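Subject: Structure for your files, with notes

Hello,

Here is the structure I said I would pass on. My notes come after it, sorted by region.

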Amino acid sequence: MDYAFLSKTALFAGCSGPEIEHMLTFLKHKVKKYDKDRYIYHVGQTVTDVCLVLAGSVQIENIDVVGNKSILGVANAGDIFAESYACIPGQPILVDVKTCEAAEILFINVPALFSESNSFGNGAKLIQNLLRVSSRKNLNLSMRIFHSAPKTIRGRLVSYFSEQISVQGTNDIKIPLDRQQLADYLGVDRTALSKELGKMRDDGLLTFHKNEFHIIAE
């Protein structure tokens, strides 16, 4: 276990490597490795662990009754997922979680965390960090809903790019999604998205290469 890496994650912020090692001895944790395109959770499963990506990445997706897929988010190394479901006893997960590439996941049992938090140093800090990260993710989900509100693809792109400019502090932005993931995130067809990006480039609104964009301010 790379405790130095864990100490740099949002979940273990403020905790040293030795402190994290000590914490995990009190918690029911496990580490699993997955190949690419493997499901970690399916809709309907009961979740009891907060999951932290040690390596690779996973995507959280929803597939409706007619097969339309929407990507709700991507968790990269250092990110957590499934924490909201783990914190509600008996709540079935409402999404699928699948690896985007070969991945290694740390599972921390939430009931054990809540019951044993007074048994080791920084237990309260770990719970505080969990709450902070979960709140941030809920805010991000709200932003996805906000970006999906415009009726046109251009409107959705402008909304998403505006947020990224604000977050990254520059008009030269690099987004964490490829074309298909961006289309799924915004709830649009990939081909139509690519065409609209081409039109926006021709209209002098932006330039791009893969997932790097330069937004031209008026």
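What follows is a short account of the overall make-up, the two sheets, the helices and two loop residues.

Overall make-up

Please keep in mind throughout that this is a predicted model. The protein has 218 residues, of which 39% count as buried. Its secondary structure comprises 8 helices and 11 strands. Taken along the principal axes, the C-alpha atoms fill a box of roughly 60 × 40 × 30 Å. As for contacts between residues at least 6 apart in sequence, 69% of them join residues at least 24 apart.

The four-stranded sheet

One open sheet has 4 strands in the order E2-E7-E4-E5, and the pairing is antiparallel. At its edges are strand E2 (39–41) and strand E5 (69–76), each of which pairs on one side only. On average, and with direction ignored, neighbouring strands of this sheet are turned by 30 degrees against each other.

Strand E4 (residues 57–63) and strand E7 (residues 96–99) run antiparallel and are joined by 4 bridges. For the register, glutamate 61 has aspartate 96 in E7 as its bridge partner. Helix H7 packs on this sheet, where it touches E4 and E5, and its direction makes about 120 degrees with that of E5.

E4 also pairs with E5, in the antiparallel sense, over 7 bridges. Here isoleucine 60 stands opposite glycine 73 in E5. The two strands E4 and E5 form a hairpin with 5 residues between them, and glycine 67 in the turn has a positive phi of about 95 degrees.

The three-stranded sheet

A further open sheet consists of 3 strands in the order E9-E11-E10, again with antiparallel pairing. Strand E9 (172–174) and E10 are the edge strands, each pairing on one side only. The average turn between neighbouring strands of this sheet is 20 degrees, direction ignored.

E10 and E11 pair in the antiparallel sense over 4 bridges. Among the residues involved, leucine 206 has isoleucine 215 in E11 as its bridge partner. Two helices are placed against this sheet. Helix H6 (residues 153–168) lies across E9, E10 and E11 and runs at about 100 degrees to E9. H8 packs on the sheet as well, touching E10 and E11, with its direction at about 130 degrees to that of E10.

Helix H7 against helix H8

How do the axes of H7 and H8 cross? The axes of helix H7 (residues 179–186) and helix H8 (residues 190–202) come within 9 Å and cross at roughly 105 degrees. The range of 65 to 115 degrees counts as roughly perpendicular, so H7 is roughly perpendicular to H8. On the H7 side the contact is made by Arg179, Gln180, Leu182, Ala183 and Leu186, and on the H8 side by Arg190, Leu193, Ser194 and Leu197. By type, the residues of this contact divide into 5 nonpolar, 2 polar and 2 charged.

The buried side of helix H2

Which residues of helix H2 (residues 17–24) are buried? They are Gly17, Ile20, Met23 and Leu24. These residues cover an arc of only 120 degrees around the axis, which puts them on the same side of H2. The general background is that an α-helix has 3.6 residues a turn, so residues three or four places apart point the same way. The cover over the buried residues of H2 includes helix H1 (3–6), strand E1 (29–34), strand E8 (103–109) and helix H5 (123–147).

Two loop residues with positive phi

Most residues other than glycine have a negative phi. Alanine 82 is not a glycine, yet its phi is positive, at about 70 degrees. Alanine 82 sits in the loop between strand E6 (80–81) and helix H3 (83–86). Its relative accessibility is 12%, so alanine 82 counts as buried.

Lysine 210 likewise has a positive phi, of about 55 degrees, although it is not a glycine. Lysine 210 belongs to the loop between strand E10 (206–209) and strand E11 (212–215). With 63% relative accessibility, lysine 210 counts as exposed.

Regards

Technical notes: Residues numbered from 1 in each chain as written. Predicted model: local features only at pLDDT ≥ 70, side-chain atom pairs only at ≥ 80, totals over all residues. Heavy atoms only, no water. Axes fitted to C-alpha atoms, helices over the stretch in contact; angles between N-to-C directions. Parallel < 35°, antiparallel > 145°, perpendicular 65-115°, else oblique. Contact = heavy atoms within 4.5 Å. Nonpolar A, V, L, I, M, F, W, Y, C, P; charged D, E, K, R; others polar. Buried < 20%, exposed > 50% of the residue type's maximum accessible area, 1.4 Å probe, protein only. Arc of directions from axis to C-beta. Pairing = 2+ DSSP bridges.
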